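Reader: I would like to learn how to read this model, feature by feature. Please take me through it.

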2 protein chains.
Amino acid sequence: MYEILDRVNSPEDVKKLDITELKGLAQDIRDAMMNRLSKRGGHFGPNFGIVETTIAMHYVFDSPKDKFVFDVSHQCYPHKILTGRKLAYTDDAHFGDVSGYTNPEESAHDFFNVGHTSTSVSLAAGLAKGRDLTGGKENIIAVIGDGSLSGGEALEGIDFAGEMDTNFIIVVNDNDMSIAENHGGMYKNLKALREGNGKAETNLFTAMGLDYVFVADGNDIEQLIEAFKGVKDSTKPVVVHIVTKKGKGYAIAENNKEHWHWSMPFDPETGKSTVNWDGGENYGSLTADYLTKKMDKDKSVCAITAATPMVFGFDEKLREKYKNQFFDVGIAEETAVALASGIAKNGGKPVFGVNSTFMQRTYDQIMQDVCLNSSAVTFLVFSASVYGMSDVTHIGIYDIPMISNIPGLVYLAPTCAEEYIAMLDWAVEQDSYPVAIRVPGNGVVHTDMEIPADYSELNKAELVKQGEGAAIIAVGGFYQIGEKAVKILSQQGINAALINPRFVTGLDTPMLDTLKENCKVVITLEDGSLDGGFGQKIAAYFGSSDVNVRCYGMCKEFYDRYNANELLDNLGITPEKIAADIAAMLK
Amino acid sequence: MYEILDRVNSPEDVKKLDITELKGLAQDIRDAMMNRLSKRGGHFGPNFGIVETTIAMHYVFDSPKDKFVFDVSHQCYPHKILTGRKLAYTDDAHFGDVSGYTNPEESAHDFFNVGHTSTSVSLAAGLAKGRDLTGGKENIIAVIGDGSLSGGEALEGIDFAGEMDTNFIIVVNDNDMSIAENHGGMYKNLKALREGNGKAETNLFTAMGLDYVFVADGNDIEQLIEAFKGVKDSTKPVVVHIVTKKGKGYAIAENNKEHWHWSMPFDPETGKSTVNWDGGENYGSLTADYLTKKMDKDKSVCAITAATPMVFGFDEKLREKYKNQFFDVGIAEETAVALASGIAKNGGKPVFGVNSTFMQRTYDQIMQDVCLNSSAVTFLVFSASVYGMSDVTHIGIYDIPMISNIPGLVYLAPTCAEEYIAMLDWAVEQDSYPVAIRVPGNGVVHTDMEIPADYSELNKAELVKQGEGAAIIAVGGFYQIGEKAVKILSQQGINAALINPRFVTGLDTPMLDTLKENCKVVITLEDGSLDGGFGQKIAAYFGSSDVNVRCYGMCKEFYDRYNANELLDNLGITPEKIAADIAAMLK
């Protein structure tokens with residue numbers, strides 16, 4: 001079925017092909033990827049764009065002795081296909097064999113689990129230094145997309161590489177796109193270099209101290225082979241700037257690059273999604289609805305993203321319409337946070353929308369630039385949930401331990417849509433605190449209960465239901481689990497109290513003190529990793545009392561491609577199991 | 001006494017002076033700084049170098065309407081002197097009036113508390129965006145030293161600024177120095193620009209999309225005034241690259257720039273320190289002693305710093321001697337950590353020495369680049385203690401909450417020098433885990449007890465002394481407090497157990513279970529912030545038992561310029577108070 005690919009099982013086989021066969025191999029790889037992606041979804045544009053580059057790399061270099069490090073590594077599918085993992089693309093029964101990123105557990109041709117951007121240059125520089133320390137001779141090649149270049153870790157790495165005096169090759173895969181459009185001044189220089197066939201008045205890479213090679217057509221295997229042969233065994237750091245087309249070979253994707261960065265399963269004929277997506281409510285569009293109305297009314301309100309505008313519902317139309325109040329800094333989370341602090345200090349009302357896993361890239365800016373300065377920045381933390389992304393590189397369960405222990409921050413955990421919007425509005429309007437809001441990860445839940453508009457009494461929890469004997473303190477998206485457990489207990493004649501703590505950055509100690517009077521058991525539920533989290537603070541508060549505390553949440557572990565409901569069941573986090581535990585503890 | 005400065009109480013007064021008087025003012029400012037620094041110590045080189053720049057800025061711009069953001073802000077002394085705070089430099093009785101960094105609580109001319117590097121451009125970009133959102137017209141000026149340019153946040157910010165279409169001025173204060181020498185490829189470009197009077201084959205700043213102005217002598221007030229007038233009210237982002245001399249005006253400092261970056265009190269005549277510094281043992285030199293011997297024996301061992309080599313004792317001589325095994329990445333903590341991961345994955349044995357407060361800049365790299373990949377990197381965490389730096393921007397008490405909740409990391413807390421070296425040696429030799437070691441902050445303590453060499457049985461604590469009724473679990477540098485409390489209790493007939501947990505990333509649950517049998521009270525002591533830390537994990541573990549737990553440590557708070565012993569006393573963290581608490585709890 002695959003004329004050339006059927007004969008290619010390893011990089012050695014690539015080296016035996018002539019140029020016509022290499023071109024046929026490129027088509028076969030695209031067909032194999034189309035097979036998987038149309039049925040299972042995945043990163044489409046980045047992989048279709050980098051087929052020829054990957055073939056040329058395996059043709060010229062000797063992987064795994066020569067070592068490739070792919071940035072973000074969401075463009076590694078052709079590499080996986082050429083390094084013994086093609087069945088995961090050609091054979092539906094083997095789709096589950098591979099992750100979506102490089103993975104050393106799968107193959108000796110992969111060196112790192114990577115899923116965050118802008119890391120490849122520094123990681124690969126480490127491989128180069130390790131080689132030099134141990135007397136090795138191999139080539140080290142980092143492959144970085146233009147979108148990732150704007151990240152601080154990438155720029156630090158390129159600057160560091162610029163004074164290395166050894167073999168080190170950086171392939172800059174320039175497709176003029178991040179996930180959405182690129183942002184930042186450097187893209188003017190990339191454009192000038194593209195238009196000048198590698199020549200321009202100035203050059204970012206030589207300014208960072210590196211040698212520079214330009215490849216005008218990065219989807220032309222012959223040009224690539226020539227360029228890679230030219231830099232192979234180089235004894236100096238060098239950038240190979242190649243110009244590729246995102247989605248290359250599938251016209252529908254070439255014409256809508258942002259949409260086809262990542263795709264759900266689709267019909268290859270039409271490009272239409274084959275997944276029934278009811279377009280129902282989600283917190284992204286709820287947020288955009290709220291923010292755009294707010295921005296209409298108040299021109300000092302602005303929204304900030306670091307290259308993931310869709311996280312809070314800012315599609316291309318909204319970005320254009322609100323361009324004076326919507327700032328995409330590109331992949332530059334640190335700048336996003338510092339920028340927000342500056343805006344807040346000069347009269348603006350900034351809202352930064354970010355996924356939990358990427359907020360990790362800006363710990364120090366949250367602490368130093370924002371919290372230490374009491375800048376009234378609003379952070380909206382998405383995918384902060386066991387129900388969020390389940391790739392090991394993207395799990396979002398570490399935000400409570402990470403940011404809730406930073407002084408000065410107010411971290412709110414709404415339990416439903418109405419509470420979320422109320423907290424968001426309060427956060428935007430007040431100017432006393434940095435406020436983060438943990439967007440619920442368990443889908444949009446509504447309430448008809450009255451929701452307060454003012455959260456300025458910090459750490460004030462809501463006693464939703466009085467009770468005795470036991471109390472359940474249920475945080476954010478796990479509130480409904482607590483609510484159900486209380487119902488089950490009540491059917492057994494146990495009248496447990498139910499508390500919505502609202503705040504995860506502090507304790508409502510007066511309320512906790514009342515629990516000491518009439519509760520033997522306190523249960524905490526949080527949709528995150530337990531260690532360093534909210535429940536442990538409750539446990540510590542009750543440490544020298546007679547109240548027994550049990551905390552429910554995730555373990556400190558790198559969960560990977562898990563089923564959320566199975567995991568929760570294994571951890572005993574179901575209303576039934578929690579109710580049973582409480583009943584047992586009360587005996 | 002100060003001919004010109006006596007007449008200058010605000011920026012308005014600066015504007016009234018002619019050029020001769022401005023030069024006299026520069027001398028007066030240096031004299032005033034000399035008065036303070038020779039008696040009290042502080043950042044010497046950066047402030048002596050930036051006197052003329054600061055004068056020219058206040059002459060041309062209208063602070064505080066026009067807003068200055070100083071990077072790191074350790075070069076803000078002349079700015080403080082010109083903005084109403086000169087007494088803190090001229091009058092010994094007022095030394096305590098000011099902090100060492102910009103501080104909005106001191107003056108309307110300061111906008112941020114800043115102490116970490118590379119933040120100014122992004123913060124100032126935020127001020128500019130805030131201005132534009134609210135219809136303001138002022139100038140926004142970021143002042144960044146060349147050393148800070150290599151930090152990811154700075155490079156992200158410059159790239160972001162490059163596509164701003166508004167007034168934004170970045171003053172690059174190029175003195176060819178970080179704290180130690182500069183590192184990174186970009187410094188070749190800065191050198192070329194200096195040598196070419198602002199012209200070179202390529203230009204980092206224009207490559208990032210910014211306009212560019214060069215000032216050959218950044219200690220010449222007239223050149224500076226001309227340049228600043230030229231960019232004032234600019235409607236485009238522009239870099240003003242000025243060349244200054246670190247330590248300018250004090251020959252002794254000009255000739256030894258690294259040493260005079262920061263100075264203890266000294267005799268102005270000779271430059272000799274006036275502080276009796278006994279040169280006794282410290283963990284920096286102990287570490288360098290160990291590492292250099294190790295590097296001699298094993299060429300795959302390497303040490304990494306991000307611009308603070310003296311933290312673990314690598315002075316200029318050692319850096320030169322071990323240049324093949326010692327890597328200073330410059331101010332680029334993210335790259336330092338990713339680099340270490342790559343080195344570990346390619347046969348090297350990397351040791352990254354870093355202050356607790358700066359480790360904050362690399363949370364995501366620790367999690368994603370290192371821990372997720374089980375890279376056997378050794379982190380040495382210095383100043384992680386209430387006894388560390390006490391400026392609010394530099395406190396080192398947040399590392400346990402920050403990194404101990406990351407999966408995969410082993411965080412060790414030695415209690416004395418011998419245990420530290422044993423743990424360090426184990427960490428370097430093993431290849432299974434990333435290992436961080438919390439260097440004790442309470443000075444070098446020795447033991448004659450036998451210290452194990454192997455820590456591969458994770459989370460295994462040491463029961464130093466059996467006991468009953470109460471147990472003290474004393475972490476790292478607070479171990480000796482626990483030891484003393486146990487002695488006091490024993491004089492009262494209470495036989496408390498003493499435990500050195502060794503690990504802060506996990507619990508020795510079998511040992512804790514034995515405590516359930518014979519202890520009513522468990523006390524934890526940690527030299528760090530309690531929230532999210534070690535003690536709360538102990539409390540949670542005992543949450544559903546009858547053991548009472550009380551945790552001692554610091555509060556989640558931005559402590560500033562505190563006295564450590566006073567703070568500990570206020571928090572009840574003295575052997576006497578803890579012993580009294582335990583006795584009371586046992587009653």
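Author: What follows goes from the whole chain to the pair of copies, then to a helix and some residues. This is a predicted model, in which local features need pLDDT of at least 70 and side-chain atom pairs count only at pLDDT 80 or more, while totals for chains, interfaces and linings use all residues. Residues are numbered from 1 along each chain as its sequence is written, chains are lettered from A and ligands numbered from 1 in the order in which they are written, and side-chain values use heavy atoms, with hydrogens and water left out.

Reader: How many helices and strands does chain A have?

Author: Helices (H or I, at least four residues) and strands (E, at least two) are DSSP runs, numbered from the N terminus. Chain A has 24 helices and 18 strands.

Reader: What does the radius of gyration of chain A agree with?

Author: The radius is taken over C-alpha atoms, and the globule rule is 2.2 Å times the number of residues to the power 0.38. For 587 residues, a compact globule would come near 25 Å; chain A has 26 Å, which agrees. Along the principal axes, its C-alpha atoms fill a box of roughly 80 × 55 × 50 Å.

Reader: What share of the residues in chain A is buried?

Author: Buried means under 20% relative accessible area, exposed over 50%, and partly exposed in between (1.4 Å probe, protein chains only). In chain A, 67% of the 587 residues are buried.

Reader: What share of the contacts in chain A joins residues 24 or more positions apart?

Author: Contact means heavy atoms within 4.5 Å. Counting contacts with a separation of 6 or more, the share is 76% in chain A.

Reader: How is chain A related to chain B?

Author: Two copies of a chain are related by a rotation about an axis and a shift along it. Copies are superposed by least squares on the C-alpha atoms of residues with pLDDT of at least 70 in both. Here, a turn of 180° and a shift of 0.0 Å along the axis lay chain A on chain B with an RMSD of 0.0 Å. That is the relation of a two-fold axis. The copies meet through the same surface, because 100% of the interface residues of chain A are also interface residues in chain B.

Reader: Is helix α22 of chain A mostly covered or uncovered?

Author: Mostly covered: seven of the eight residues in α22(A) (residues 534–541) are buried. They are A:F534, A:G535, A:Q536, A:K537, A:I538, A:A539 and A:A540. Their cover includes α18, β15, α21, β17 and β18 of chain A, together with α22 of chain B.

Reader: Where is A:T54, and what does A:T54 contact?

Author: A:T54 sits in helix α4 (residues 51–60) of chain A. Its relative accessible area is 1%, so A:T54 is buried. Beyond neighbours within four places in sequence, A:T54 contacts A:P78, A:H79 and A:L82.

Reader: Which helix holds B:I29?

Author: Helix α2 (residues 19–40) of chain B. B:I29 is buried, at 0% relative accessible area. Setting aside neighbours within four places in sequence, B:I29 touches B:V51, B:I55, B:P78, B:I81 and B:L82. B:I29 and B:K86 are 57 residues apart in sequence, yet 8.7 Å apart in space, C-alpha to C-alpha.

Reader: Is B:L286 buried or exposed?

Author: B:L286 is buried, because its relative accessible area is 18%. B:L286 lies in helix α13 (residues 283–297) of chain B. Not counting residues up to four places away in sequence, B:L286 touches B:E281, B:A417, B:I421 and B:V444.
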